[in-house]
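These exercises practise reading a protein model step by step. Try each task before reading its solution.

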Amino acid sequence: MTAPAADGLWGRAEQEMFRSRVRGCLLGGALGDALGAGIEFDSLEQIREKYGPQGVTGYVPAYGRLGAVTDDTQMTLFTVDGLIRAHVRRDTGAWHPPTDVHAAYRRWYRTQRDWGPDERRTEDGWLARQEWLYAQRAPGRACLGGLADAVMGTVDKPKNPRSKGCGTVMRSAPFGLLAGWDPRLVFQMGVECAAQTHGHPTGQLAAGAFAAIVHALVRGDDLDSAVQKALAQLSVRAGHEETTEALRRALGAVRQGLPGPERVASLGEGWIAEEALAIGVYCALVAEDVRHGLLLAVNHGGDSDSTGSVCGNLLGAMYGETALPPDLLAGLEGRATILELADDFAMEMTQGPVLHSPAQASAAWLERYPRHL
């Protein structure tokens with residue numbers, strides 16, 4: 001996919017392909033998240049005992065329903081919201097997207113503390129008014145702790161300095177959807193926004209690498225080439241060794257025999273950032289189709305929802321929304337919201353100058369995505 005024209009407008013075919021990839025990435029991640037939500041804390045033996053030798057083959061109960069998503073999807077959606085708001089706020093002369101993403105994460109944090117939307121907070125915009133998002137779905141301690149006050153963590157002064165949990169990776173696919181951006185800026189966005197909750201270099205670099213991989217996929221690369229490009233970016237970063245090794249192990253595992261839970265387990269459990277990234281990449285690389293990849297990514301004794309989410313983001317970005325299993329989409333919690341947000345993101349990225357400018361703007365768009373933090 002080529003970058004947008006100088007005037008910010010894309011061709012019709014480009015817009016349609018881009019929207020399909022955005023929808024696929026966000027919905028695919030949510031599907032993987034929901035498939036893994038009910039078995040997140042189970043061992044492989046427990047999964048097989050409950051659901052048979054193949055493990056789960058569809059949704060299983062989680063949070064009182066089938067198809068429930070977790071904090072992984074919640075935070076991914078707020079990442080998208082923050083990126084849209086950054087582009088809208090650029091009309092005011094302000095341009096520091098990590099600040100807008102941090103403000104969006106703080107809105108997510110309030111969903112984990114408040115009973116429901118506060119209609120008086122008009123500055124919150126559209127997404128924060130969705131009542132279904134006001135549910136605690138096992139949010140990570142580092143994410144909650146890092147966002148508990150208004151001080152934004154930075155690479156120089158990160159929150160939770162020793163943490164490299166997968167909470168950085170599972171929310172970072174949307175940075176890769178910035179198709180018109182330079183790949184180095186996409187990588188850096190993943191790193192800087194990871195530092196808002198996790199301080200360990202591996203947690204930040206794994207998020208940057210994941211964003212870079214998604215970015216290459218959205219621009220038309222195959223997954224192996226996308227990973228190689230991410231490895232090249234990693235190689236010049238201090239502290240890259242753990243993330244680089246994890247990705248190389250994922251590539252090596254492809255050549256070691258038929259895929260299965262034991263092969264996934266050789267890459268770790270997914271609780272930490274580089275392992276979640278490696279498992280998601282491996283499962284996407286060996287996937288026969290989207291369903292096969294997602295089920296492989298969740299049927300293991302680890303952080304099943306996060307590894308499923310990462311794998312789903314990758315497969316959806318590669319193949320677009322029409323490759324996703326329709327029976328799973330039909331029962332997915334929040335599908336309408338995810339689709340609406342995906343379409344808003346695609347419209348902002350491809351038609352932003354028509355929607356708003358410093359001189360004039362669509363009132364409906366500014367109600368959804370206000371210009372102030």
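How many cavities of 30 Å³ or more does a search of the whole structure find?

**Exercise 1. Cavities**

Task: Give the number of cavities, then describe the lining of the largest cavity and of the second largest cavity.

Solution.

Step 1. The model is a predicted one. A search of the whole structure turns up two cavities of 30 Å³ or more. Such a search rests on a general idea: rolling a probe the size of a water molecule over the atoms shows where empty space is left.

Step 2. The largest cavity holds about 50 Å³ of space. Its lining consists of Leu 26, Gly 29, Ala 30, Asp 72, Thr 73, Thr 76, Leu 77, Met 170, Ser 309 and Asn 313.

Step 3. Now assign the lining to elements. Helix H1 (12-37), helix H3 (71-89) and helix H14 (304-319) supply at least two residues each. H3 has the largest share, with four residues.

Step 4. Sort the lining of the largest cavity by class: four residues are nonpolar, five are polar and one is charged.

Step 5. Turn to the second largest cavity, with a volume of about 40 Å³. Among the residues that line it are Arg 107, Arg 110, Asp 114, Asp 118, Arg 121 and Asp 124. By class, this lining has six charged, three nonpolar and one polar residues.

**Exercise 2. A pocket**

Task: Which elements give two or more residues to the lining of the second largest pocket?

Solution.

Step 1. The second largest pocket contains about 340 Å³ of space. Those elements are H3, helix H5 (141-146) and H14.

Step 2. H5 gives the most, with three residues.

Step 3. The whole lining has 19 residues, and Gly 140, Arg 141, Cys 166, Gly 167 and Trp 271 lie nearest the centre of the pocket. Its classes are seven nonpolar, six polar and six charged residues.

**Exercise 3. His 198**

Task: Is His 198 buried or exposed, and what does His 198 touch?

Solution.

Step 1. Locate the residue. His 198 sits in the loop between helix H7 (183-194) and helix H8 (201-218).

Step 2. Apply the cut-off. Buried means under 20% relative accessible area. The value for His 198 is 2%, so His 198 counts as buried.

Step 3. List neighbours. Leaving out residues up to four places away in sequence, His 198 touches residues including Ala 142, Cys 143, Pro 158, Asn 160, Gly 167, Arg 171 and Gln 204. In addition, the side chains of His 198 and Thr 197 are joined by a polar contact of 2.7 Å.

**Exercise 4. Positive phi**

Task: Where do Ala 138 and Asn 160 lie, and how accessible are Ala 138 and Asn 160?

Solution.

Step 1. Ala 138 has a phi near 55 degrees, a positive value in a residue other than glycine. Asn 160, also not a glycine, has a positive phi of about 45 degrees.

Step 2. Ala 138 lies in the loop between helix H4 (97-111) and H5. Asn 160 is in the loop between H5 and helix H6 (173-176).

Step 3. Ala 138 counts as partly exposed because its relative accessibility is 34%. Asn 160 has a relative accessible area of 29%, so Asn 160 is partly exposed.

**Exercise 5. The nonpolar core**

Task: Which residues have the most contacts inside the largest nonpolar core?

Solution.

Step 1. They are Ile 213 and Phe 345, in a core of 108 residues. The largest share of this core, eleven residues, is from H8.

Step 2. Follow Phe 345. Beyond residues up to four places away in sequence, Phe 345 touches Phe 18, Val 22, Val 80, Leu 83, Ile 84, Pro 174, Leu 177 and Leu 178.

Step 3. For background, nonpolar side chains tend to be buried together in soluble globular proteins.

**Exercise 6. A covered helix**

Task: How many residues of helix H13 (residues 290-298) are buried, and what covers the buried residues of H13?

Solution.

Step 1. Seven of the nine residues in H13 are buried, which makes the helix mostly covered. Among them are Val 290, Gly 293, Leu 294 and Val 298.

Step 2. The cover includes H1, helix H2 (44-51), helix H11 (261-265), helix H12 (273-286) and H14.

Step 3. Check the N-terminal end of H13. Asp 289 caps it, with a side-chain oxygen 3.3 Å from the backbone nitrogen of Arg 291.

Key. Residues are numbered from 1 along each chain as its sequence is written. This is a predicted model: local features need pLDDT of at least 70, side-chain atom pairs count only at pLDDT 80 or more; totals for chains, interfaces and linings use all residues. Side-chain values use heavy atoms; hydrogens and water are left out. Buried means under 20% relative accessible area, exposed over 50%, partly exposed in between (1.4 Å probe, protein chains only). A polar contact is a pair of N or O atoms within 3.5 Å; within protein, one must be able to donate a hydrogen and the other to accept it, and residues adjacent in sequence count only if both atoms are side-chain atoms. Contact means heavy atoms within 4.5 Å. On a 1 Å grid over the protein atoms alone, a cavity is a set of points where a 1.4 Å probe fits but cannot get out, and a pocket is an open set with protein on both sides within 12 Å along at least five of seven lines; lining residues have an atom within 4 Å of a point. Grid points are joined across faces, edges and corners, and a volume is the space filled by probe spheres set on the points. Ala, Val, Leu, Ile, Met, Phe, Trp, Tyr, Cys and Pro count as nonpolar, Asp, Glu, Lys and Arg as charged, and the others, Gly among them, as polar. A nonpolar core is a set of buried Ala, Val, Leu, Ile, Met, Phe, Trp, Tyr and Cys residues joined through side-chain atoms within 4.5 Å.
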